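Colleague: Hi! I'm a first-year student, and I'd love to walk through a structure with you, one question at a time. Could you show it to me?

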Amino acid sequence: MIVDMKEISVKKIEDAIASMCRDIAVTASPDIVSAFEKAANAETNEKSKAVLDILIDNARIAKEENIPICQDTGMAIVWIKAGQEVHFTDGLVNEAVNRGVERGYTENYLRASVVDDPLYERKNTKTNTPAVIYTELTEGDRVEIEIMAKGFGSENKSALKMLTPADGEEGVIEFVKDTLLKAGPNACPPFVIGVGIGGTFDSCAVLSKKALLRKLDEHNPDARYAALEEKLLTMANELKIGPMGFHGRTTALAIKVENEPTHIAGMPVAVNVCCHVCRHAKAVIE
Amino acid sequence: MRRLNLPLSEEERMSLKAGDAVLLCGEIYTARDAAHKKMHEALARGEELPFNIENAVIYYVGPTPAHGGLAIGSAGPTTSGRMDPYTPELIELGLRGMIGKGRRNEAVKEAVKKYKAVYFVAVGGAGALLSHSIIKREPVAYEELLAEAVTKLTVKDFPCFVGIDCEGNDIYDLDERVPGRD
């Protein structure tokens with residue numbers, strides 16, 4: 001049988017990643033900036049309003065002067081969704097991804113924030129690599145790349161809990177609330193929150209991270225989960241943590257829920273906390 | 001907004017109240033996780049700290065590299081709580097100011113009260129804007145730590161809030177509701 005394979009050079013992946021690393025570090029996405037503006041207009045607490053005005057100014061300065069929005073330019077998390085009819089040429093995909101991250105960070109004055117050994121040496125790799133890489137197979141002959149540059153002030157406040165089926169929606173809301181309270185002012189609110197429900201211990205955490213890739217106004221396609229997102233957002237803003245923890249009105253800009261099938265005995269829930277610098281981008285190679 | 005010239009006298013520090021918006025001018029030192037660990041280890045070995053801690057201010061920051069002749073890259077605060085295990089010891093030795101973001105533990109709060117120190121909070125995730133207030137950066141120690149190295153910064157009108165004042169009042173507890181206590 002002869003199968004027509006589409007050849008795609010991994011160099012294209014490397015180039016796309018290098019340029020996305022630079023772009024997301026300095027350019028705040030327009031939906032985040034408009035969410036700041038909306039929050040600033042609605043804010044009645046003086047200090048919280050001052051914080052939001054600073055964040056709006058900061059986004060403008062970062063873009064105009066090519067200075068990263070935040071000094072924690074994050075750890076790179078990359079999703080490669082490859083069509084099954086693609087044949088990669090010119091080397092290994094994972095090596096190309098890491099070369100792209102290294103170039104993106106070292107050529108654009110971004111911070112190298114990765115250490116080689118987590119417990120003992122903790123020596124900086126100087127290249128911000130390795131990236132965390134997820135690969136998925138899809139139909140067709142194109143490659144979709146998504147990248148997120150995740151800061152750790154907020155990553156440190158993320159949590160996972162193995163709820164039971166009896167915990168229900170109420171249990172999910174309680175766990176998200178508990179996680180937000182623990183994140184408090186430390187994780188740089190106003191947050192964007194990714195919630196994963198279902199799967200297994202490991203896949204649930206990945207799901208919560210994928211939820212952060214959505215646009216702020218993009219809801220779960222299932223009406224019940226979309227309604228849950230609204231309930232969670234209302235709950236979050238009633239906590240009055242507010243911008244930088246000064247008790248203002250906006251604790252979260254958005255809460256995104258992703259769901260997947262799970263075991264009859266369980267209901268894993270993961271809450272990935274992201275600060276207001278929620279950086280991600282997508283590229284398609286055809 | 002009140003402008004404060006560093007170093008601050010005890011009288012000036014005692015006049016600050018949690019929640020006050022202030023502009024800092026003068027010299028401060030950068031140190032975060034790895035540098036704090038190294039300083040703690042140096043003290044345990046009976047060695048000197050890499051800079052004079054007397055009346056000093058430490059900024060918890062790991063900036064991005066500078067480009068185009070700028071003094072510094074993006075330079076916002078990191079989460080202060082991670083430095084809590086090392087902080088009371090430094091305050092006892094003379095540290096009188098810290099700049100970061102987020103809550104401190106009770107031990108730090110007690111040391112702040114006892115030694116009349118002050119904890120400032122800057123806006124997290126505003127590193128580009130804050131870099132405008134940093135006019136000079138000089139190496140001091142631990143250069144192998146890259147972004148985490150100890151450096152001396154000269155700041156001009158660096159905007160922040162008084163986070164914990166000499167009486168132990170905490171900006172995050174000013175309202176009735178007290179979310180976010182770890």
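**A walk through the model**

Modeller: Let's begin with one residue of this predicted model: A:Met267 has 20 other C-beta atoms within 10 Å, so it is buried.

Colleague: In which strand of chain A is the place of A:Met267?

Modeller: A:Met267 has contacts beyond its neighbours within four places in sequence, among them A:Leu163, A:Ile197 and A:Thr262. Its C-alpha also lies 9.9 Å from that of A:Gly171, although the two are 96 residues apart along the chain. The strand that holds A:Met267 covers residues 267-274, and its name is E9.

Colleague: Which side of helix H6 of chain A holds its buried residues, the same side or opposite sides?

Modeller: H6(A) runs over residues 168-183, and its 23 Å reach is close to the 22 Å expected. Its buried residues are A:Val172, A:Val176, A:Thr179, A:Leu180 and A:Ala183. A helix has 3.6 residues a turn, so residues three or four places apart point the same way. The buried residues cover an arc of only 100° around the axis, so they are on the same side.

Colleague: Which residues are exposed on the other side of H6(A)?

Modeller: The buried residues of H6(A) pack against E6, E7, H8 and E9 of chain A. On the other side of H6(A), the exposed residues are A:Gly168 and A:Glu170.

Colleague: How many residues of helix H7 of chain A are buried?

Modeller: H7(A) spans residues 201-211 and is mostly covered. Its buried residues pack against several strands of chain A, including E2, E4 and E8. They include A:Cys204, A:Val206 and A:Leu207, and also A:Lys209 and A:Lys210. Of the 11 residues in H7(A), the number buried is eight.

Colleague: Which element supplies the largest share of the side of domain 1 of chain A that touches domain 2 of chain A?

Modeller: Chain A is divided into domain 1 (6-26 + 69-150) and domain 2 (152-279), with 25 Å between their centres. Their contact takes 12 residues from domain 1 and nine residues from domain 2. On the domain 1 side, helix H1 and strand E5 of chain A each supply at least two residues. The largest share, four residues, comes from E5(A).

Colleague: How many nonpolar residues are on that side of domain 1?

Modeller: By class, that side of domain 1 has one polar and three charged residues, and its nonpolar residues number eight.

Colleague: Which helix gives the largest share of the largest nonpolar core?

Modeller: Nonpolar side chains tend to be buried together in soluble globular proteins. Here the largest nonpolar core has 140 residues, and those with the most contacts inside it include A:Ile17, A:Phe191 and B:Ile58. This core draws at least three residues from each of domain 1 and domain 2 of chain A. Its largest share, 10 residues, comes from H1(A).

Colleague: Which helix of chain B gives the most to the side that touches chain A?

Modeller: The contact between the chains takes 37 residues from chain B and 39 residues from chain A. The chain B side divides into 15 nonpolar, 16 polar and six charged residues. With four residues, the helix that gives the most to this side is H5.

Colleague: What strand of chain B is included in what covers the buried residues of H2(B)?

Modeller: H2(B) has 12 residues and reaches 17 Å, close to the 16 Å expected. Its buried residues are B:Ala34, B:Ala35, B:His36, B:Lys38 and B:Met39. What covers them includes strand E7.

Colleague: Is A:Tyr109 buried or exposed?

Modeller: Most residues other than glycine have a negative phi. A:Tyr109 is not a glycine, yet its phi is positive, about 60°. This residue lies in the loop between H4 and E4 of chain A. A:Tyr109 has 21 C-beta neighbours inside 10 Å, and 20 or more is the cut-off, so it counts as buried.

Colleague: Where is the omega of the peptide bond from A:Pro189 to A:Pro190?

Modeller: A:Pro190 lies in the loop between H6 and E7 of chain A. Most peptide bonds are trans. The bond from A:Pro189 to A:Pro190 is cis, with omega near 5°.

Terms used. Residues are numbered from 1 along each chain as its sequence is written. Chains are lettered from A and ligands numbered from 1 in the order in which they are written. This is a predicted model: local features need pLDDT of at least 70, side-chain atom pairs count only at pLDDT 80 or more; totals for chains, interfaces and linings use all residues. Domain bounds come from an automatic or database domain assignment. Two residues are in contact if their C-beta atoms, placed from the backbone, lie within 7 Å. Ala, Val, Leu, Ile, Met, Phe, Trp, Tyr, Cys and Pro count as nonpolar, Asp, Glu, Lys and Arg as charged, and the others, Gly among them, as polar. A residue is buried if 20 or more other C-beta atoms lie within 10 Å of its own, exposed if 12 or fewer, and partly exposed in between; C-beta atoms are placed from the backbone. The expected span of a helix is 1.5 Å times one less than its number of residues. A nonpolar core is a set of buried Ala, Val, Leu, Ile, Met, Phe, Trp, Tyr and Cys residues joined through C-beta atoms within 7 Å. The arc is that of the directions from the helix axis to the C-beta atoms.
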